[in-house]
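Thanks, everyone. Let me walk you through a structure that is new to most of you. Please have a look at the screen.

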There are 2 protein chains.
Amino acid sequence: MVVVRQIDVARVAGVSQTTVSMVLNERTGGSARISEDTRERVLSAIKKTGYVANPIAQSLAGHRTGMFGVFAFEPMFTAEAGGFYTEFLGGIEAAGEAARKDLLLFTSTVLDEPDNHIYRRNENRLRLTDGAILLGNGEPKMELARLHEDGFPFVYIGRREIPNGEISYVSADYAAATADLVERLVAVGHERLCYVGTGADASASIDRRRAFVDTLRDAGLPVDRPVPAGHGDYAAVRQAVEAGATALLVEPPVGIDELTAVIERAGYRVPADVSVALLGDVHGHSVRPDDWSGYRLPRWEMGMQAVKLLVRLMEDPGGPARRVVVPCLPHDGCTVAPAPRPGRDRR
Amino acid sequence: MVVVRQIDVARVAGVSQTTVSMVLNERTGGSARISEDTRERVLSAIKKTGYVANPIAQSLAGHRTGMFGVFAFEPMFTAEAGGFYTEFLGGIEAAGEAARKDLLLFTSTVLDEPDNHIYRRNENRLRLTDGAILLGNGEPKMELARLHEDGFPFVYIGRREIPNGEISYVSADYAAATADLVERLVAVGHERLCYVGTGADASASIDRRRAFVDTLRDAGLPVDRPVPAGHGDYAAVRQAVEAGATALLVEPPVGIDELTAVIERAGYRVPADVSVALLGDVHGHSVRPDDWSGYRLPRWEMGMQAVKLLVRLMEDPGGPARRVVVPCLPHDGCTVAPAPRPGRDRR
DNA sequence: GCAAGGTGCCAATGCGGATTATTAGCGGCT
DNA sequence: AGCCGCTAATAATCCGCATTGGCACCTTGC
């Protein structure tokens, strides 16, 4: 691996290393004056020697690397993830390109230190970059808190909170999307809607449930309690349907396909008897991609916005946390239909 | 952004920066001796100050970055690419993780310098990494040649040749897969096979055509000339079918869906009258993913092997170019069937 | 009592480039 | 002649860390 340094160029051109650096950086202010004659000698020496800069040395001296980190707390390209992350990456890639930044993708699985993804063995792997986009589930809160304390600029894709501080994130507007979905179902005649969830207390779940309850209440309709489901157990869902629910709003990661199968096995048709809508994307499950109705995450847009946010964050270091909320995308598949006429036998 | 350096740790522990570095690196050989007492003082100072290493400085001093570059000569995460690259990345990610390397993903589109992807403005962007995996179409031969001259370790995913030298690559065994496919078609009764291609002189195309011709000849069957197709023009294909061809072997990037549509519009049924097989993957086209028969690229495996190759390359700098050939994956969809019985009206 | 051989630590140096402070040279002006 | 002002280029530093060579301070052994 042949390396040509500035000092080598300088020797060829008969000048000092400083002069070479100055020609390359075209500094105009200060006392950086290079005569046209010298500049040309240096440039020709660069061409002759085939000099290329060492980005590592530049970074050390210049305090910037020109890279964004992308850190997922789970592997991104596995078959299970099934392209879930690539849309985020598409937005990140596009915005990163506009910002002229390369993407440093960190591998996430940790072989020997299960709770240290970013910090391990006295290293902060992200420090190699000017700032980072974080995504994925299972993030250790401690690491986020430490990153924030260190003053490292980062943006999470997805809403995240930490104990002592505020972090920047891009989130999807689950509340608005859920409210909208409920309204659309009500508009086509549904009166008994049922919320099927995992009972998780993640902020996204809370938003969705609240929007569900509020919207139903505003419409003057009865609000049933959320029904738990998952892990192959859909008994409660079946009961709800038998009790008269005509529309199910299903929260990921509950699989809509399994749920549909259970309902149909119980003798109901989807969507003729029961409409099923999905509140967001699932990944890691085998879901027929476009068949279901509901709404999906604007993943590309979220990636895009995250980078834009990061750029703004870096322009104003020490500034406050910033948040961007992106609308979800309504999606019409074939699992939602108008409510069955009342009185008609649903079996 | 608060930074703690080794010198700060040293001051707290009452030792020199050298000692801190030595404690961290646990060098045993030479004159690197640290007493247990001192080591503990340093370690506690590290903990107290919250020191984390600066990877850039480590790289500059240590000559390694611990990163692999991944350079695609076209955007990887666009809707058009449609997940084509993610399988490669999956293999790369998995193997990179095993090698404890992070992935530096370079953005490829060049705004102002169309022919300089890797080298631009006196920089070699890849130099930030210890080695790189290259993939994608449209690579400028000059850059590959220069990279090779510079002695930078890299592996191409896909067979590539340069004028003055040999580069390392991982390629798919198109020849064997094509021969196998022809044999399978012959085994189910096909006697008039037709090769549909773009007429490109890429090495992969040459391999496929040769395997097609050789295998047919070995089977004692007539070898028709390859039929050109593409850009919406399938007249020649239609003629071939009307002249009696019962099986079409289609070379990407010709779209199998369009082709099938044209044949069916001409009154033939696929696969009852005409079998259609695809010789590899298409991307950037709207092809129903799993319906077609033929063979596909072992993309995950190729990514995996590329990283392994790169690791070996780096262990033996100055060694010869290395190549790995990976078998393709036969794929059974619904576009291939036994040959129609002769004499039967195919219309 | 003193050379030989360990031990434990540190000053100095280098990695390659950016930035600063400084010097050298030159002409004009008093 | 002496001073000023300006330009062109260089020497000296620094970025944070790893590594080399060497210096004190012990032990041993005779």
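What distance separates the centres of domain 1 of chain A and domain 3 of chain A? The answer is 67 Å, taken over C-alpha atoms. Keep in mind that this is a predicted model.

Now the layout. The domain assignment splits chain A into three pieces: domain 1 is 6-53, domain 2 is 67-172 + 299-329, and domain 3 is 174-296.

Next, the two protein chains. How does chain B sit relative to chain A? A turn of 180° and a shift of 0.1 Å along the axis lay chain B on chain A, with an RMSD of 0.1 Å. The two copies are thus related as by a two-fold rotation axis. Both use the same surface: 100% of the contact residues of chain B recur in chain A. Which residue of chain B comes closest to the rotation axis? That is B:Leu104, with its C-alpha at 2.1 Å.

On to the interface. Here 43 residues of chain B are in contact with 43 residues of chain A. On the chain B side, α4 (55-62), α5 (84-98), β2 (102-106) and β4 (123-124) each supply at least two residues. The largest share comes from α5(B), with six residues. By class, that side has 23 nonpolar, 13 polar and seven charged residues.

Strands meet across the chains too. Strand β2 of chain A, residues 102-106, is joined to β2(B) by three bridges, and the two run antiparallel. One pairing to look for: A:Leu103 has B:Leu105 as its bridge partner.

Now helix α5 of chain A. Is this helix mostly covered or mostly open? Mostly covered: eleven of its 15 residues are buried. Among them are A:Tyr85, A:Phe88, A:Leu89 and A:Ile92. The buried residues pack against β1 (67-72), β2, β5 (131-135), β6 (154-157) and α11 (299-315) of chain A, together with α5 of chain B. Just after the helix, A:Arg100 takes a positive phi of about 60°.

Last, the DNA. Which residues come nearest to DNA strand C? Of the 29 around that strand, they are A:Arg5, A:Ala57, A:Ala61, B:Val15 and B:Thr38. The elements giving two or more residues to this surface are α2 (17-25) and α4 (55-62) of chain A, plus α2 (17-25) and α4 of chain B. The surface near strand C has eleven nonpolar, 15 polar and three charged residues.

That's my tour. Thank you.

Conventions: Residues are numbered from 1 along each chain as its sequence is written. Chains are lettered from A and ligands numbered from 1 in the order in which they are written. This is a predicted model: local features need pLDDT of at least 70, side-chain atom pairs count only at pLDDT 80 or more; totals for chains, interfaces and linings use all residues. Two residues are in contact if their C-beta atoms, placed from the backbone, lie within 7 Å. Helices (H or I, at least four residues) and strands (E, at least two) are DSSP runs, numbered from the N terminus. Ala, Val, Leu, Ile, Met, Phe, Trp, Tyr, Cys and Pro count as nonpolar, Asp, Glu, Lys and Arg as charged, and the others, Gly among them, as polar. Two strands pair if DSSP finds at least two bridges between them. A residue is near a molecule or strand if its C-beta atom, placed from the backbone, lies within 6 Å of it. Copies are superposed by least squares on the C-alpha atoms of residues with pLDDT of at least 70 in both. Domain bounds come from an automatic or database domain assignment. A residue is buried if 20 or more other C-beta atoms lie within 10 Å of its own, exposed if 12 or fewer, and partly exposed in between; C-beta atoms are placed from the backbone.
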